[in-house]
Amino acid sequence: MADNPSRMKADNKKKLNVGNLPADITEEELRELFADHPVESVEIFHYKQYTLALLLFKDKETATKALKEKENSVFRGRRLRMHLEFIVICHMKKDVFVHVVDNENVTEEDVYEKFKDLAKVQSVVLFHPLAYVTCTSPEDKEEAMKKIVEAGINVYDCNGHDQNQHIDVLRAAKLFFRNLNRVQMYNIPESWISSQDELKKAVESSGTVTEVRVTTGNFGPAAQVFYETADEAKAAAEKLNQQLFEGKRVHAHHVIATMIPNFKTSVYVENLDKTITEEMLYAHFEQYGEIDFVNRRKFGDEHGMVCFKEASSVDRALECTTLPVTKKEGEETTTEDKTIVVKRYDGPLVLDIKLPAMKKGASSEEGEEQKQRPPPQPLAKLWPIYVANLPYKADKREIKQYFSSYGGHIKFIFSPNIPSYKQSQTSMVMAALIYFARREQANEAIKAFNGKHFQSKCLHVFPGRKDTYFDVEKSIKVVRLNLAVTEEKLFEKFRKFGFIECVVKKDRTTAYIEFRDKEIAEKVLKLDEKQRPVRCNVEAVTGKINKKIFKENDEKISLAMQEIIDKNPAVLENVSSDRSSGPPPLKRSRFSGPANFGMQGPRNQFNPNNGGDFSNPQVIQDLLRLAFISGKNLGEGLAISGNSNPFNSGDPPLPNLNLTNGFGGGNQRNSFNNSNNGNFGGSSNNASGNMGGGNRNNMGGGGVNRNFGQNVGGGGGAMGSGGYGRVNMGGGFGGKRFNGGSQQTNRMGQNNRQGGGNQNRRF
């Protein structure tokens, strides 16, 4: 049985992550070490020279007590480092500096001993060749770094952009067990980005592949390939690394999500531009020696790094001052030498670079407009709704089942969580366009599902083809959020200030919250840092901010949908060019019966002229319709009661009701008259005129008192007129007054108008 995600999440709050353990540690030793806080289960993981364990306690309180008691304690000559497993590692703290370790045999205790007299060391994390030293405060770190430099030891600051992306290294050091069966790949071909099937086909020979993904961020796409075992993943990384796929030299890494160079054999290249690829650098610098890898990812447009296999190659590469660059002008191709700067890359450098501008759809700001393209023609005939904040693990089958539960007929579902679109995203896009067959179905779905919870996620449902903007006066912008903060958490934290209309997290660290009243937004904007319910900054909203992350007519969205339809036309095989196609409306008819029930004569014409035979279903259908017009369901009374008076008491059984020559036949006057007991309440009870045929007939009549259990006053209207009729009510019924005369009645929101064979009705 598969693990329950909710159970696993709850267990993580009771788990303690214990790192820097000896490689030969046993479960019995760990249980004995934590004997004062009984352990329910133990899991031990190994990666290279690193060992850690996950200890499950009976509750979070016990795990917290064990953490406070045992953290930084020494066990078999090793200083233990711990944290509760549910904590997310998402940023570098300002009290950390990094040191490059030359020898793989150096331990965390060696680093601790090296710096304990020069800095107030709180903890050390080692992931060769980088050692991260945490001081007691940022101020202590600054003071310590000055002393360390004076002592002739090289250390580097972590508070800035660096190619190594230190946060990835820290995650690998503390959480490597999560990714033991994963290979992370960079510099991947375009075909892998647009089709995960192509990616799977390219790597299937490297082992037993269980899953493939393509992720993206500010620094371009990356592929994740998951294997059945950790050993297969390790072997696959060695096999795939630096292999050429469609002209791209792919980087493949086991466990870790970044590339750490050998600082003794690497050079740093400046003054590049974005047209220069890793392959171009590789082709130029291989003249200086055998290359391990070239990396431009996370360097920005102007920088790059070349890691050689031998240190002697570095001295030769430092003499390089130009790089040949090919340019194409029209049909002519020319080559010119571009001046570059090559430096020794002897440690993690803090780079002063500008991050790539995020495209619209990924950014929280309304930036440059996306290129527009009409949606595919079959979809243009349908009615979409936009649904945001869908659960990450919900598939199309579950989404379709949930959104069709209200009766709508869903033709197509599209989510832009696809590789080609995700290049512009900073996080997974959990939103979708859901296409209904009819407009009324889409409108009903918006009303029914907006604000509802689906798999614990509060949904935002908007019209698919209409822009929906935040109210500037009632909204706030929340920035610098923790990556783990969800829309649900923001809602729970901020709802204490007032009623919240909508919460939309636009990217990893930015969200917008719209309140019902502008006074609430103004109040929240005035909160200081300590009063805010989550760690963040709060800003006023300026300009128009769309509540949607993407639009149907965005070029990439439209092309992606077109590609799906082209590959599988059957997905839309039931789509008709008639927008009235599809299933019945969401509000089903109250009438049901065999085929052609109520359709014996001309379409919708009252024609039960069958010699008074009440078994004719047309007669029953017409009576039911008449009952609706009068405001009482006569059919129900006829079916369930045997009393002779259908309104003031029980209704008569069917055989006792005499219908003379049924509603038709030229100019003949017909009456509902079953002695005094069969009257509709009075002594003179004629429904004047013919109902059909071609004559204009009135129900009521000026000033005549008609009792339907209550006083029905004067007035009257046409009840049918050949091929064209207006349904009119005269007088009042049940104490309510209907304006008669020529007023057209729209009973229960339904307009009954017949003419020229055209029909538009809903009962």
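**Charge pairs and a charged patch in a predicted model**

E473, D517, E519 and E522 form a patch of negative charge on the surface. The model is predicted: local features require pLDDT of at least 70 and side-chain atom pairs pLDDT 80 or more, while totals for chains, interfaces and linings use all residues. Numbering runs from 1 along each chain as its sequence is written, and side-chain values use heavy atoms, leaving out hydrogens and water.

Me: What makes E473, D517, E519 and E522 a patch of negative charge?
Reply: Asp and Glu count as negative, Lys and Arg as positive, and His and the chain ends are not counted. A patch of charge joins like charges within 9 Å, taken from residues with over 30% relative accessible area and no salt bridge. E473 has a relative accessible area of 53%, and its place is the loop between β28 (460-463) and β29 (475-479).

Me: Why is E473 called exposed?
Reply: Exposed means over 50% relative accessible area, buried under 20%, and partly exposed in between (1.4 Å probe, protein chains only). The value for E473 is 53%, so E473 is exposed.

Me: Why is the contact of E108 with R81 called a salt bridge?
Reply: A salt bridge requires a side-chain nitrogen of Lys or Arg within 4 Å of a carboxyl oxygen of Asp or Glu. The closest N and O atoms of E108 and R81 are 3.0 Å apart. E108 lies in helix α4 (residues 108-115) and R81 in strand β6 (residues 81-84), so the pair, 27 residues apart, links distant parts of the chain by DSSP runs (helices H or I, at least four residues; strands E, at least two; numbered from the N terminus). Both residues are buried.

Me: How do you know that K201 and E198 are separated by about one helical turn?
Reply: They are 3 residues apart in helix α8 (residues 196-203), which means a separation of about one helical turn. Their salt bridge has its closest N and O atoms 3.8 Å apart. K201, at 52% relative accessibility, counts as exposed, whereas E198, at 33%, is partly exposed.

Me: Why is R438 called buried and E440 partly exposed?
Reply: R438 has a relative accessible area of 15%, so R438 is buried. E440 stands at 30% and therefore counts as partly exposed. Their side chains meet in a salt bridge of 3.7 Å, N to O.

Me: How many disulfides does the rule give?
Reply: A disulfide is a pair of cysteine sulfur atoms within 2.5 Å, and the count comes to 0. C135, at 0% relative accessibility, is buried, and C320, at 5%, is buried.

Conventions. Patch = residues over 30% accessible without salt bridge, like charges linked within 9 Å, V, L, I, M, F, W, Y side chains within 5 Å. Areas by Shrake-Rupley, 256 points an atom, 1.4 Å probe, with all protein chains shown as cover. Charge placed at Lys NZ, Arg CZ, Asp CG, Glu CD.
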